Amino acid sequence: MINKAFAAEMKTRFRDLEKGTVRILQYKINDLRLAAAVRKVFAGDTFFLEDLKDPFSMFSGIARQSAPQPDRFHKVIIFPVPADNAKITHGVIVFMP
């Protein structure tokens with residue numbers, strides 16, 4: 001899921017507006033650190049990454065209306081979200097300038 005603030009900042013429109021879902025396509029992640037973080041977050045690890053290049057290219061389900069500024073959103077924090085039984089069920093990615 002993505003939130004409305006992300007969609008507004010990226011000037012995107014959803015292909016499936018009702019659900020607001022997108023997919024992370026691991027084969028499209030060019031930065032090996034980001035690819036590892038997306039995979040390892042489900043093991044309970046938290047990551048802070050800097051100097052990312054085009055991290056939004058990993059998403060499907062978003063049709064871009066305009067490209068983001070190249071020097072914007074080059075940092076991310078990725079952290080796990082456990083369910084009641086402590087099993088990691090979701091990962092959160094926070095993009096930062």
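A residue counts as buried when its relative accessible area is under 20%. By that criterion, both Phe56 and Phe73 are buried in this predicted model. These two residues belong, together with Phe95, to one aromatic cluster. The cluster is set within a protein of 97 residues, of which 34% count as buried.

**Overall architecture**

- The protein contains 2 helices and 7 strands.
- Along the sequence, these elements are arranged in the pattern α-β-β-α-β-β-β-β-β.
- Of the contacts between residues at least 6 apart in sequence, 55% join residues at least 24 apart.
- The accessible surface of the protein amounts to about 6,600 Å², and carbon and sulfur atoms account for 55% of that surface.

**Aromatic cluster: Phe56 and Phe73**

- There are 2 aromatic pairs in the structure.
- One of them joins Phe56 to Phe73 in an edge-to-face arrangement, with 5.9 Å from centre to centre and 75° between the planes.
- Phe56 is located in the loop between strand S3 (47–49) and strand S4 (59–60), whereas Phe73 is located in the loop between strand S5 (62–64) and strand S6 (75–82); the pair therefore ties together parts that are 17 residues apart in sequence.

**Aromatic cluster: Phe56 and Phe95**

- The ring centres of Phe56 and Phe95 lie 4.6 Å apart and the ring planes meet at 50°, so this pair is classed as tilted.
- Distant parts of the chain are linked by this pair, since Phe56 sits in the loop between S3 and S4 and Phe95 sits in strand S7 (residues 88–96), 39 residues apart.
- Phe56 has a relative accessibility of 5% and therefore counts as buried.
- Phe95 has a relative accessible area of 16%, which lies under the 20% limit, so Phe95 is buried as well.

**Asp31 and the start of helix H2**

- Asp31 occupies the loop between strand S2 (23–24) and helix H2 (32–40).
- The relative accessible area of Asp31 is 18%; because this value is under 20%, the residue is buried.
- A polar atom of the Asp31 side chain lies 2.8 Å from the backbone nitrogen of Arg33.

Note on methods: Residues are numbered from 1 along each chain as its sequence is written. This is a predicted model: local features need pLDDT of at least 70, side-chain atom pairs count only at pLDDT 80 or more; totals for chains, interfaces and linings use all residues. Side-chain values use heavy atoms; hydrogens and water are left out. Rings of Phe, Tyr and Trp (its six-membered ring) pair if their centres lie within 6.5 Å; planes under 30 degrees apart count as stacked, over 60 as edge-to-face and the rest as tilted. Helices (H or I, at least four residues) and strands (E, at least two) are DSSP runs, numbered from the N terminus. Buried means under 20% relative accessible area, exposed over 50%, partly exposed in between (1.4 Å probe, protein chains only). Contact means heavy atoms within 4.5 Å. Accessible areas come from the Shrake-Rupley method with a 1.4 Å probe; for residues, only the protein chains shown count as cover. A polar contact is a pair of N or O atoms within 3.5 Å; within protein, one must be able to donate a hydrogen and the other to accept it, and residues adjacent in sequence count only if both atoms are side-chain atoms.
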